[in-house]
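Please open the structure in a viewer and keep the sequence panel visible beside it. The tour below proceeds stop by stop, stating what to select and what is found there.

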Amino acid sequence: MSTTRRAAVLGSPIAHSLSPVLHRAAYRELGLGDWTYGRHEVDEAALPAFMERLDATWAGLSLTMPLKRAVIPLLDEITPTAASVEAVNTVVLTGDGRRLGDNTDIPGMLAALRERGVEQVERASVLGAGATASSALAALARICTGEVTAYVRSDARAAEMRGWGERLGVPVRTAPWEDAAAAFEAPLTVATTPAGTTDALAAAVPARPGTLFDVLYEPWPTALAAAWADRGGAVVGGLDLLVHQAVLQVEQMTGRSPAPLAAMRRAGEAALAAR
């Protein structure tokens with residue numbers, strides 16, 4: 001007799017998360033008919049009580065903002081990758097009741113870039129300085145052989161990014177947001193800012209751009225991504241990141257590998273097209 005296994009994505013707000021679409025597509029492809037994947041509106045205050053209610057049917061959790069740091073004290077162990085950025089987006093619940101935290105955003109970024117042929121760069125630029133920017137620096141620490149320039153809006157953010165660079169072992173130079181068009185001189189630009197923030201930079205895309213990694217997936221394409229593609233540059237999008245990090249989550253939670261990347265991407269594309 002099969003036992004239903006459960007997983008879910010938690011966060012606030014959570015209504016528009018694509019994670020259920022991606023994970024359920026993986027379960028169908030893998031023949032895991034007894035697996036379910038839901039979404040739960042959970043904020044930082046409600047997280048401890050939610051975690052306490054988890055029983056043996058639960059296999060794992062995906063976490064989005066604002067829970068990626070809040071969950072850490074509630075776990076038994078976190079991986080070095082998660083510890084490096086103080087952020088957990090994946091919790092695996094083991095058979096003996098342990099709660100293990102990981103961060104699949106960082107290897108997900110690397111896998112998305114590798115899929116586009118980017119395995120090493122001599123320098124890179126990062127637009128923005130939030131939580132996603134620190135994950136981007138952690139990824140760049142593994143593939144960038146030179147300096148990363150972060151374009152930020154305040155001295156405080158600049159100091160944060162330099163601090164993350166020191167912690168992650170990547171040399172970070174900071175520059176004011178007003179100079180952000182200069183980011184495009186690097187062979188790789190990672191845009192980590194909210195929707196609309198980089199729209200004004202679309203006109204500054206050079207005639208022969210390198211690679212743009214824009215972490216947004218809705219709306220898509222962003223004005224910057226569209227201008228980049230029009231000039232023949234390679235573009236990696238937020239859906240690429242979302243799918244690759246979800247692939248790693250599915251593999252960890254189900255113990256099945258490889259997860260069906262193509263099927264998960266098709267499901268994500270279809271869901272976005274239907275919105």
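**First stop: Val-121**

Select Val-121, which is found in the loop between α4 and β7. Helices (H or I, at least four residues) and strands (E, at least two) are DSSP runs, numbered from the N terminus. The model is predicted: local features need pLDDT of at least 70 and side-chain atom pairs count only at pLDDT 80 or more, while totals for chains, interfaces and linings use all residues. Residues are numbered from 1 along each chain as its sequence is written, and side-chain values use heavy atoms, with hydrogens and water left out.

Is Val-121 buried or exposed? Its relative accessible area is 7%, so Val-121 is buried; buried means under 20% relative accessible area, exposed over 50%, and partly exposed in between (1.4 Å probe, protein chains only). Now display the neighbours of Val-121. Not counting residues up to four places away in sequence, Val-121 touches Ile-143, Cys-144, Thr-145, Gly-146, Pro-187 and Leu-188, where contact means heavy atoms within 4.5 Å. For a long view, add His-40: this residue and Val-121 are 81 residues apart in sequence and 39 Å apart in space, C-alpha to C-alpha.

**Second stop: Thr-145**

Move to one of those neighbours, Thr-145, in the loop between α5 and β8. Thr-145 counts as exposed because its relative accessibility is 55%. Leaving aside neighbours within four places in sequence, Thr-145 is in contact with Gln-120, Val-121 and Glu-122. Select Thr-57 as well: the C-alpha atoms of Thr-57 and Thr-145 are separated by 45 Å, and the two residues are 88 residues apart along the chain.

**Third stop: helix α4**

Select residues 105-115, the helix α4. This helix is mostly covered, with eight of its eleven residues buried. The buried residues in α4 are Asp-105, Ile-106, Gly-108, Met-109, Leu-110, Ala-111, Ala-112 and Leu-113. To see what they pack against, show α3, α5, β10, β11, β12 (234-236) and α8 (238-254). After α4 comes Gly-117, whose phi is positive, near 85°.

**Fourth stop: the nonpolar cores**

A nonpolar core is a set of buried Ala, Val, Leu, Ile, Met, Phe, Trp, Tyr and Cys residues joined through side-chain atoms within 4.5 Å. In soluble globular proteins, nonpolar side chains tend to be buried together.

Which residues of the largest nonpolar core touch the most other members? Among its 35 residues, they are Val-126, Leu-137, Leu-140, Val-148, Met-161, Leu-188 and Phe-213. The elements giving two or more residues to this core are α4, β7 (124-127), α5 (131-143), β8 (148-152), α6 (155-168) and β10 (188-191). The largest share, seven residues, comes from α5.

Centre the view on Val-126. Not counting residues up to four places away in sequence, the residues that Val-126 touches include Ala-133, Leu-137, Leu-140, Val-148, Met-161 and Val-190. Another core lies apart from the largest one; it has 23 residues, among them Ala-26, Leu-32, Leu-239 and Ala-271.

**Fifth stop: backbone details**

Select Met-65 and Pro-66, whose connecting peptide bond is cis, with omega near 10°. Pro-66 is found in the loop between β3 (58-63) and β4 (77-78). Next, select Trp-220 and Pro-221: the peptide bond from the former to the latter is also cis, with omega near -5°. Pro-221 lies in the loop between β11 (211-214) and α7 (223-230).

Then select Glu-86, in the loop between α3 (80-85) and β5 (90-93). Phi of Glu-86 is near 50°, a positive value in a residue other than glycine. Glu-86 counts as partly exposed because its relative accessibility is 34%.

**Sixth stop: Glu-52**

Select Glu-52, which is found in helix α2 (residues 47-52). With a relative accessible area of 61%, Glu-52 is exposed. Add Leu-74 and compare positions: Glu-52 and Leu-74 are 22 residues apart in sequence and 9.4 Å apart in space, C-alpha to C-alpha.

**Last stop: the whole chain**

Finally, select the entire protein chain, which has nine helices and twelve strands. Along its principal axes, the C-alpha trace spans about 60 × 35 × 30 Å. Of the 275 residues of the chain, 53% count as buried. Among contacts between residues at least 6 apart in sequence, 64% join residues at least 24 apart.
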